[in-house]
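Trainee: I've got a protein model open and I'm not sure where to start. Can we go through it together, one question at a time?

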Amino acid sequence: MKCPTVPHDEIDRLRALADYGLSGDRPLPTLDPVVQIASRMFGTPVAAVNMIGSDHVFLAASTGIGEVDLRRDVSFCAHAINQKDVMVVKDSRLDERFRDNPLVTGPANLRFYAGIPLMSPDGHALGALCVIDGRPRDFSAEDCERLRELARMAVDRLELRRLEISTEKARRSFDEFARHSPTAVVWFDAQRRIVAWNQAAAALHGYALDEGPGSLVDRLIPEAERPLFHSLVETAVAAGTFDGVAMPKTAHGLRKDGSQFELGLALFCWRDGEQLVFNAHLQDISAQKRKEEELQRMASTDLLTGLANRARFYRAVEDVLTAARPGAVLMFDLDGFKNINDALGHAVGDSILCEVANRLHAGVGAAGLAARIGGDEFAVLLEDVTDARQAQQFAESLIGSLSQAIAVDGYEVRVTASCGVAVTPQHGQEAVALIGSADLALFQAKRLGGAQSFVFVQALRMEAVARHLYGLELHRAVQAGEFVLFYQPQVRLSDGALVGAEALIRWWHPQRGLLSPAAFLPALEQGPLAATTGAWILDEACAQLARWRRVGLTDFRMGVNLFGAQFRVNDLASCVVDTLERHGLPAQALELEITENIVLDHDEQALESLRRLRDCGVGVAFDDFGTGYASLSLLKRYPLSRIKIDRSFVQGMLESPQDRAVINAVLDMASVFSLETIAEGVETAEQRAALIEAGCMQGQGYLFARPLPVLEFEQAFGIPSPVRQSMGA
């Protein structure tokens, strides 16, 4: 016996066969007339439509067949599907393929066979239509043609079956999805009568599940909006589809109790036989609207004091200058506020800041806008003020108001404030310039002893330039290789596991020793060496990261701070990618840290570069989050992967409900934007526990380690040193 050959397209053939939903216990009754006609037409006792499975065959329809061996190995039809035309076996006992086949030698006594493959639309042989006899016989060319015609009839009926099964599957899966979907779904007919709805739709409108079917969809829509809905349905009935039909931009739903809500609406329809079936997906977007409004409020409001934040203040100044209206900017800073915070605690400090905000808001009134810029720094925009003397008098009045005693938590506290004054257009014709002039004047007011105001003069800018001359020494530092990198560990808060480090620059000054960034970084950032130094930091940090990965820290992440100048000089994205390739590092091992000042100063350049880097897999972390004035808008626009919660909130979170609220808000926003978080400035076990409770996953700070040089970092965390390994070898 020769076993049938397996077709070359067997996998696709079996997949096509499955689309017909046939099996031994699920035949196709519409094929019964075909096999009965075949039996009568050819005068054979047996006719069948035999489908070829993976190891067995099964009868989709048959006549005259009793008990029979259904193994594929013995099936004549399994041979027939390997041919393109009719296969005729006039006498099986004279055919080498079949003479010892159990169907021939056994009770079935199969002596004659004629079969033709039944093909799917894409050309796969599903099975065969065959006629069988217990005695040898001839089968003419005319007989073959008649069998082909019957095969075409069988294929047509099989195809109807396939389409029916396909529709059944699609409808069943859709119905099952909709029935259990959290999305509200309503089915209705062309007369707008509800056919069915799911539990989500019933609950959305305040009904029980059984109260929907049979009623009009109109009951779910306010009366004023029903004519428009009727028009939409009528248009779809005429066209047979909702495609191209303009949906209303705003819609409302009506609950059983008569209350209304803003409704998100999507309408679909399809033809089921001769009838159109309509489907509506509904969503209560009231909560979403409230959330968006809250996000907008957070984007323009200081969370602690309720004043305008830095972003809103800058926009207001820009609006005044763009309209060429006169105005003055007053920058306030509380004198010695850090000492008050240290002595009385952050909770008292926050209460003082809120009272200062209230007094500024009351003092400014309708004359302008009061804002909290950050920390203990406030700002006031006075509109339609043309005279610097007038602005200074207003500033002195506010300083006097702020100096009045503040009663908080049983303490009577007095604070004083310094103020810098700048007036447009003489002190600046752009927002950054005008506010910068007021900042320089504020610096002078504090230098003069505080508790007073000072009006900007050009000499202040000249002095600022002189301070920048300090940066001249930076040229020598770069050329002489006096910069080094320290590394501060970043850990998983839950178990203290080391997950990464932030690379931080230090300056080994030949005369003054190790200098912290505060001593030189401002001059470096604003000078011509920023881009060069930034590239060196990136290369050095990546080189160290590569060394650590080679000794086992394969999942280690390195954070590198960027200078604004790196977005101006060369192609930052290409430089980063080249550096990673040079050191054999995967993109996800590097995380670039940015501040809002950097990206605001180089908005479009920064946005494009950072998008390219994120597309490559490089992480982008937003540093000092919550202290700036454009933080939320940056979350929406920039391709960030992580938020770094500023240390000022972390260090105050245990004493200040406001600081803790800010951290919770930041973590919630990070979740909304699918961002990771890391808290900076973690110094105590209590802070760590509170952060874990709040849902923050990672942290860095003195609790784990100060920034350390390479060898101390390796010793502290048990990292094998490539240098020591080399010396040992």
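Trainee: Which helix supplies the largest share of the lining of the largest cavity?

Mentor: Keep in mind that we're looking at a predicted model. β6 (184-188), α7 (226-239), β9 (260-272) and β10 (275-284) each give at least two residues to the lining of the largest cavity. The largest share is three residues, and it comes from α7.

Trainee: And how many nonpolar residues does the lining of the largest cavity have?

Mentor: That cavity holds about 180 Å³ of space. Of the 18 residues lining it, the closest to its centre are I221, F229, H252, L263 and L265. Sorted by class, the lining has one charged residue and three polar ones, and the nonpolar count is 14.

Trainee: Okay, pockets next. What is the volume of the second largest pocket, and how many of its lining residues are nonpolar?

Mentor: The volume of the second largest pocket is about 340 Å³. Of the 25 residues lining that pocket, V46, I65, V68, L110 and I132 are the closest to its centre. β1 (46-52), β2 (57-63), α3 (76-80) and β5 (125-133) each put at least two residues into this lining. Split by class, the lining has three charged residues and six polar ones, and the nonpolar ones number 16.

Trainee: Now the open sheet with five strands: which strands stand at its edges?

Mentor: Read the order across the sheet: β12-β13-β11-β16-β17, with mixed pairing. A strand at the edge has a single partner, so one of its sides is left without a neighbour in the sheet, and that goes for β12 (368-374) and β17 (453-455).

Trainee: Within that sheet, which residue of β13 stands opposite M331?

Mentor: Look at β11 (residues 327-334) and β13 (residues 377-383), which pair in the antiparallel sense over seven bridges. Opposite M331, in β13, you'll find A379.

Trainee: How are α17 and α19 arranged, roughly parallel or oblique?

Mentor: Helix α17 (residues 530-550) and helix α19 (residues 572-582) pack with their axes 9 Å apart, at an angle of about 30 degrees. Angles under 35 degrees count as roughly parallel. So α17 is, relative to α19, roughly parallel.

Trainee: What about α24 and α25, roughly parallel or oblique?

Mentor: Helix α24 (residues 657-672) and helix α25 (residues 685-694) have axes 10 Å apart and pack at an angle of about 40 degrees. That makes α24, relative to α25, oblique.

Methods
Residues numbered from 1 in each chain as written. Predicted model: local features only at pLDDT ≥ 70, side-chain atom pairs only at ≥ 80, totals over all residues. Heavy atoms only, no water. Pairing = 2+ DSSP bridges. Helix = DSSP H or I, 4+ residues; strand = E, 2+ residues; numbered from the N terminus. 1 Å grid on protein atoms, 1.4 Å probe; cavity = no way out; pocket = protein on both sides within 12 Å on 5 of 7 lines; lining within 4 Å. Points joined across faces, edges and corners; volume = space filled by probe spheres on them. Nonpolar A, V, L, I, M, F, W, Y, C, P; charged D, E, K, R; others polar. Axes fitted to C-alpha atoms, helices over the stretch in contact; angles between N-to-C directions. Parallel < 35°, antiparallel > 145°, perpendicular 65-115°, else oblique.
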